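Biologist: Mind taking me through this one? I'd like to start with the odd backbone spots and then get to the metal.

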Amino acid sequence: MTRRRALGIGGALGLMAATGLTSAAALARRPSITGAQLRSDLPLPLPFQVPLPVPAVLKPVGTSGGADRYEIIQREASVEILPGVTTPMWTYDGSFPGPTIESRRGRPVTVSHRNELPVPTVVHLHGGRTPAASDGYPTDLLLPAARQEHSTHMEHGSEHMGHGSEHGMHDPRAVVSELTRDYTFPLDQRPALLWYHDHRMDFTAPAIWRGLAGLHIVRDDAEDALGLPAGPRELPLMIADRAFAADGGLAYPALDPTLRVRPGVREPYLAGVLGDVILVNGAPWPVHEVDAARYRLRILNASNARHYELEAVTDDGRRLDLVQIGADQGLLAAPVVHTLLPIAPAERYDVVVDFSGVPIGGLVRVVNRLGSGRTRDVMAFRVARRAADDSRIPRALSADLPAWRRSDAVRVRDFAFRAGQMDAGHGWLIGGLPFDPARTDVTTRLGDVEVWRLVADVHLHLVGFRVLSRSGRPPLPHDAGLKDTVSLRPGEAVEIITRFDGYRGRYLFHCHNAEHEDMGMMANLEIV
Ligand SMILES: [Cu+2]
């Protein structure tokens, strides 16, 4: 028997019956646009001229006891993003995206990060089933060598800390490291495309924007044996929008460009910062030469706030099938065929595209139906040559997806998310309250299955979930499989189901519009 409990995070949310969800969705006042677009101040390159880069795979510095050890230096670097233009960025190991880490399921990895940036950082492996100590809690800072005074600000809650200090940002549970920090990832999880990025309190959005993002792929023998396109025919595609200032630097409307003291962005960017340049793997509107064969595209939307609806269009206007084989948390049970694929910030889709029917020399453009002008184009594939193709897409991809049923749930929680007044400006609230690390918003027991009813986009740390319904109707085709991030359309309510297993400790759930996240649209999840 399901115990139904309507719950306000922090006790501030009015109770909602199941039938109250529609009005809760209306109350959410979700804006029809998810941000405002910055305009670049220098000439932009033509589309489909720059070759698609593929981020280098990082080599372990050592192996002991069946675990691999990696080292990454977080540092400022000048990167050529636009041809002939130098862009100073904050990077993992000098590149954007950072180096890719390739792992095997169940083989633990330790990544030692060294912070040579001018600000504290936090590393979060998005999609990782990670013990709390290595999950990158936003106050578990890694301080740079020369910036000890920042920790003093944190301790004493300087007025200039913005909303953080006023809401008790002092966090007695924070574990602060100096200069280097080891993050340990057991990777006892389904094979999937994960990504690591900065997650510092109040400054996640601008830090990702400046370049702190990279890929982490987990594989296993069962997936390798499927016969999916592999090697050069498997491509990670990290899509992210940016805008550039006249001097080649990245433009970003931060209230405090040093990203040290005052968090937040200027009007009219509070609902999210959009750029006018679409990057894939750090290159503007790139082009990639392909064989006339099947390719596995592992797509991540690493944009702060931009949503995409992707389609692959040939020269003669034909739309190629996007055969989805995987979601955020790995393989689907069976392929799902799309011609249009919506992807929200932080979501991943694993798709196979077959270029064999495209004439040699033909161009397949990946376009974003939600974009306009230059932001309608994403990248292109140039079909260069005929080639043998022994890859396949099995009709059964995996048999280990969790099959939680409603009747398994020991409780149902309702969450309201809405825009609200926070300090001097507008902010984003969950259950009426801005984020406070010192407050536990949701407590659950290890092993419990729960149904969550949501009226806004959510990313859950630690666990994957399945989508049960959208506004009382069955899930959409792209809701298939195991997800860790879900995106709602305006006025929509969604039900998800998950089991809180893995590790006890303090985790987060939040909106993955990075600007919303920095404005407090984030809550604590304590697994006991
Ligand atoms: Cu995450």
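**Loops, metal and a sheet**

Modeller: Ala-346 sits in the loop between strand E23 (341-343) and E24. The model is predicted, so local features need pLDDT of at least 70, side-chain atom pairs need 80 or more, and totals for chains, interfaces and linings use all residues. Numbering runs from 1 along each chain as written, and side-chain values use heavy atoms, without hydrogens or water.

Biologist: Is Ala-346 buried or exposed?

Modeller: Ala-346 isn't a glycine, yet it has a positive phi of about 80°. Most residues other than glycine have a negative phi. As for accessibility, Ala-346 comes out at 0%, and the cut-off is under 20% relative accessible area (over 50% is exposed, in between partly exposed; 1.4 Å probe, protein chains only). That makes Ala-346 buried.

Biologist: What is the phi of Asp-202?

Modeller: Asp-202 lies in the loop between E11 and helix H4 (204-209); helices (H or I, at least four residues) and strands (E, at least two) are DSSP runs, numbered from the N terminus. Asp-202 is buried because its relative accessible area is 4%. For a residue other than glycine, the sign of its phi is positive, with a value near 75°.

Biologist: Which residue does a cis peptide bond join to Phe-96?

Modeller: Look at the loop between strand E4 (86-92) and E5, where Pro-97 is found. There's another cis bond between Glu-267 and Pro-268, with omega about 0°, and Pro-268 is in the loop between E13 and strand E14 (273-274). For Phe-96, omega is about -5° and the partner is Pro-97.

Biologist: Which residues are the protein donors of the copper ion?

Modeller: Donors are N, O and S atoms within 2.8 Å of the metal (3.2 Å for Na, K and Ca), and water isn't among the atoms, so the site may look incomplete. Two parts of the chain 335 residues apart are linked here, strand E7 and strand E32 (residues 458-460). One donor residue counts as buried because it has 1% relative accessibility, and the other also has 1% and counts as buried. Through NE2, lying 1.9 Å from the copper ion, the donors are His-124 and His-459.

Biologist: What is the order of the open sheet of 4 strands?

Modeller: Strands pair if DSSP finds at least two bridges between them. E7 and strand E11 (residues 192-198) pair antiparallel over 4 bridges, and His-126 stands opposite Trp-195 in E11. The pairing is mixed, and the order is E5-E12-E11-E7.

Biologist: Which are the edge strands?

Modeller: The open sheet has 4 strands. Each edge strand pairs on one side only, and these are strand E5 (101-104) and strand E7 (123-126).
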